[in-house]
Protein chains: 2
Amino acid sequence: MGDKYDCLKISNQLCFPLYACSKEIVKRYKPYLDPIDLTYTQYITMMVVWEEKEITVKALGDKLYLDSGTLTPVLKKLEQKGYVKRSRSKDDERNLIITLTDEGLELKKQACEIPAKMGQCVKLSPGETEQLYSLLYKILGCFPEEN
Amino acid sequence: MGDKYDCLKISNQLCFPLYACSKEIVKRYKPYLDPIDLTYTQYITMMVVWEEKEITVKALGDKLYLDSGTLTPVLKKLEQKGYVKRSRSKDDERNLIITLTDEGLELKKQACEIPAKMGQCVKLSPGETEQLYSLLYKILGCFPEEN
DNA sequence: GACAATTAGATTGTGTACAATTAAATCAAC
DNA sequence: GTTGATTTAATTGTACACAATCTAATTGTC
């Protein structure tokens, strides 16, 4: 055991469990997100809009690590569903401002059970959860906030 | 501070850094994968094929947490590039067997520098890396291997 | 051995992700 | 104040990712 190709074994990669875990957890959101007709990407986008009430696409992209190629269609969908409004900034016409609508605020009430329900699906102790959380942010911290 | 909606803050989610971290790391593979003309999904698929030499699509999907809807086009692409062969099992015609070709084996030599290069991009100590690795597999362990 | 149930892949449709390019607005230098 | 550079979104093209459905092959039951 231990040949020069061991480094290429899938079980020796750190990236793989990260990738697989992320996908599996996102998948487990579906049963909770379906009733409020949101996808995972739409959900995390709404989370930021719920917090900020008003934010540019640029700032949203920085927070979510997503670019306009991803966000533009997501935001158009959310506007179409009536949860946000899209309008150009008066100060700087290049900026598109995303604003929470009344329906968007209403949705927040229905969403607020979701985090607790999802928490049960990850079988880690509070200490382990904290550890994982801080390791992940340590990695993210090394990356430029945006592209 | 600490209202009833704190649970919906993006910074209080465990899923989000997991999702963001996974994407950011996959993105950082690109400069190393471009020269050998593989995408990340094609790369992890080849990793398993390099280890197994011969494997069914089903088993591949179990290992990679991917379904046939994702794997079918990926494997056709890899076949087209000449790295794998796709053929039905004689024993059970339902099974599609993926076999490593000589070109596929050749590619392994070029790929073997990648893990070390990527390792430098994640700024964690060996202990922290080990910790993260085991926490992620702990979560994955709770999930059924497949869908 | 016929037939229902199961299993493995393929296909289709929707929704991300991201690189690369484009277009419009603003900024910076002079 | 005009022009070149920068910034912000949108667009386009490629490649996943997965749910749902379909088809063909196999298995289990009697």
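A residue is taken as near a strand if one of its heavy atoms lies within 4 Å of that strand. In this predicted model, 30 residues surround DNA strand C by that criterion, and the closest are K77(A), Y19(B), K58(B), T72(B) and R86(B). Of the atoms of DNA strand C within 4 Å of the protein, 81% belong to sugar or phosphate, and the rest belong to bases.

Several polar contacts to DNA strand C can be specified. An N or O atom in the side chain of K77(A) is placed 2.6 Å from a phosphate oxygen of the strand. T72(B) likewise has a polar side-chain atom 2.6 Å from a phosphate oxygen of DNA strand C. For R94(B), a polar backbone atom is 3.2 Å from a sugar or linking oxygen of this strand. The surface near DNA strand C draws two or more residues from each of several elements, namely α2 (40-52) and α4 of chain A and, in chain B, α1 (15-33), α3 (57-64), α4 and β2 (84-88). By residue class, this surface consists of six nonpolar, ten polar and 14 charged residues.

DNA strand D is also surrounded by 30 residues, of which Y19(A), S68(A), T72(A), R86(A) and T39(B) are the closest. Sugar or phosphate accounts for 81% of the atoms of DNA strand D within 4 Å of the protein, and bases account for the rest. A polar side-chain atom of T72(A) lies 2.8 Å from a phosphate oxygen of DNA strand D. Backbone atoms of chain A also take part: a backbone N or O atom of V57(A) is 3.4 Å from a phosphate oxygen of the strand, and a polar backbone atom of L96(A) is 3.4 Å from a phosphate oxygen of DNA strand D. At least two residues of the surface near DNA strand D come from each of α1 (15-33), α3 (57-64), α4 (68-80) and β2 (84-88) of chain A, and from each of α2 (40-52) and α4 (68-80) of chain B. This surface divides into 14 charged, ten polar and six nonpolar residues.

The relation between the two protein chains was examined next. Chain B is superposed on chain A by a rotation of 180 degrees with 0.0 Å of shift along the axis, at an RMSD of 0.0 Å. The two copies are therefore related as by a two-fold rotation axis. Of the interface residues of chain B, 100% are also interface residues in chain A, so the copies meet through the same surface. One residue with contacts across the chains is S22(A), which is located in helix α1 of chain A. Apart from neighbours within four places in sequence, S22(A) is in contact with L18(B), Y19(B) and S22(B). S22(A) counts as buried because its relative accessibility is 7%, under the 20% limit.

The cysteines were considered for covalent links. A disulfide is a covalent bond between the sulfur atoms of two cysteines. With a cut-off of 2.5 Å between sulfur atoms, the count over all chains is zero disulfides. For C121(A), the closest cysteine sulfur is that of C142(B), and the separation of 8.6 Å is too far for a bond. C121(A) is buried, with a relative accessible area of 16%. The sulfur of C15(B) has its closest cysteine sulfur in C121(A), at 10 Å, which is also too far for a bond. C15(B) is buried as well, its relative accessible area being 7%.

Key. Residues are numbered from 1 along each chain as its sequence is written. Chains are lettered from A and ligands numbered from 1 in the order in which they are written. This is a predicted model: local features need pLDDT of at least 70, side-chain atom pairs count only at pLDDT 80 or more; totals for chains, interfaces and linings use all residues. Side-chain values use heavy atoms; hydrogens and water are left out. Copies are superposed by least squares on the C-alpha atoms of residues with pLDDT of at least 70 in both. Contact means heavy atoms within 4.5 Å. Buried means under 20% relative accessible area, exposed over 50%, partly exposed in between (1.4 Å probe, protein chains only). A polar contact is a pair of N or O atoms within 3.5 Å; within protein, one must be able to donate a hydrogen and the other to accept it, and residues adjacent in sequence count only if both atoms are side-chain atoms. Helices (H or I, at least four residues) and strands (E, at least two) are DSSP runs, numbered from the N terminus. Ala, Val, Leu, Ile, Met, Phe, Trp, Tyr, Cys and Pro count as nonpolar, Asp, Glu, Lys and Arg as charged, and the others, Gly among them, as polar.
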